[in-house]
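Welcome, and thanks for taking a look at this one with us. Here is a short briefing to read alongside the sequence and the 3D view.

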Amino acid sequence: MVENLENINPKLYKKLDEREITTEEKDENIVDEFDAREVFDLIRNINDPEHPLTLEELNVVEQSLIKVDNKKNTVDVKFTPTIPHCSMATLIGLSIRVQLLRTLPARFKVTVEISPGTHVSEASLNKQLADKERVAAAIENSMLLGLLNQCLMPKN
């Protein structure tokens, strides 16, 4: 992880309980639409690049900031950096985007953005995260891919 910490003492938040799986969700004959909680469960355990904590523990990702539209096949995730000048915001957004691209069906158009008013470079970072060519190039960069995979690797 990163040596020089920007946010030495981040505020920690209580994790949500694991979602209880219902009988209907187990039934293969019932169409189970994606919802915000399911998407949240896919990204909640992404590791922060600076701290041995998850994005959920740092309140960077919240279920209330996720919108899923199954009819339009869209997933919109907003995330909140722990500090307004966080230099890791792009890596965090990229980690969220890559995790969702790897785990959601290809039919979904995924949008990942910084929550409005929470970062000094919000507009330019959102533009970077929305640029498909830039995201593809980042994933092809072996050094950056190594950092992304560290963020996405489950903790033991």
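In what order do the elements of the protein run from the N terminus on? They follow the pattern α-α-β-β-α-β-α-α-α, which comes to 6 helices and 3 strands. Please keep in mind that this is a predicted model. The points below start with the whole chain and then move to single elements and residues.

**The whole chain**

- The protein has 156 residues, and buried residues make up 38% of them.
- Its accessible surface comes to about 9,400 Å², and carbon and sulfur atoms account for 53% of that area.
- Among contacts with a separation of 6 or more, 68% are between residues 24 or more positions apart.

**The β-α-β unit**

- β2, α3 and β3 together make a right-handed β-α-β unit.
- The two strands of this unit, β2 and β3, run parallel and are joined by 6 bridges.
- If you would like one pair to look at, Asp76 has Thr111 in β3 as its bridge partner.

**Strand β3 and its two faces**

- In a regular strand, side chains alternate between the two faces of the sheet.
- β3 shows this alternation: Val110, Val112 and Ile114 point to one face and are buried.
- Lys109, Thr111 and Glu113 point to the other face of β3 and are not buried.

**Helix α3**

- α3 covers residues 89-103, and 11 of its 15 residues are buried, so the helix is largely enclosed by the rest of the structure.
- The buried residues of α3 include Ala89, Leu91, Ile92, Gly93 and Leu94. Arg97 and Gln99 are also on that list.
- What do these buried residues pack against? Their partners are the strands β2 and β3 (109-114), together with the helices α2 (36-43), α4 (122-130), α5 (132-140) and α6 (142-152).
- The length of α3 agrees with expectation: at 1.5 Å a residue its 15 residues should span 21 Å, and its end C-alpha atoms are 21 Å apart.

**The loop between β2 and α3**

- Ser87 has its place in this loop, and with 46% relative accessibility Ser87 counts as partly exposed.
- Ser87 and His119 are 32 residues apart in sequence, and their C-alpha atoms are 9.8 Å apart in space.
- Met88 is found in the loop between β2 and α3 as well. Is Met88 buried or exposed? At 16% relative accessibility, Met88 counts as buried.
- The C-alpha atoms of Met88 and Glu50 are separated by 8.0 Å, while the two residues are 38 apart along the chain.

**Two buried charged-type side chains to inspect**- Lys78 lies in strand β2 and is buried, with a relative accessible area of 19%.
- The side chains of Lys78 and Glu113 are joined by a polar contact of 2.8 Å.
- Which residues is Lys78 in contact with, leaving aside its neighbours within four places in sequence? They are Val60, Leu65, Glu113, Ile114, Ser115 and Pro116.
- Arg44 is found in the loop between α2 and β1 (66-69), and at 2% relative accessibility Arg44 counts as buried.
- The side chain of Arg44 makes a polar contact of 3.1 Å with the side chain of Asp41.

**Backbone angles worth a look**

- Most residues other than glycine have a negative phi.
- Asn59 has a positive value, with phi near 65°. Asn59 lies in the loop between α2 and β1, and at 22% relative accessibility Asn59 counts as partly exposed.
- Asn73 is not a glycine either, and its phi is positive at about 55°. Asn73 is found in the loop between β1 and β2, where its relative accessibility of 22% makes it count as partly exposed.

Conventions. Residues are numbered from 1 along each chain as its sequence is written. This is a predicted model: local features need pLDDT of at least 70, side-chain atom pairs count only at pLDDT 80 or more; totals for chains, interfaces and linings use all residues. Side-chain values use heavy atoms; hydrogens and water are left out. Helices (H or I, at least four residues) and strands (E, at least two) are DSSP runs, numbered from the N terminus. Buried means under 20% relative accessible area, exposed over 50%, partly exposed in between (1.4 Å probe, protein chains only). The expected span of a helix is 1.5 Å times one less than its number of residues. Contact means heavy atoms within 4.5 Å. Accessible areas come from the Shrake-Rupley method with a 1.4 Å probe; for residues, only the protein chains shown count as cover. Two strands pair if DSSP finds at least two bridges between them. A crossover is right-handed if, with the strands pointing away from the viewer, the path from the first strand over the helix to the second runs clockwise. A polar contact is a pair of N or O atoms within 3.5 Å; within protein, one must be able to donate a hydrogen and the other to accept it, and residues adjacent in sequence count only if both atoms are side-chain atoms.
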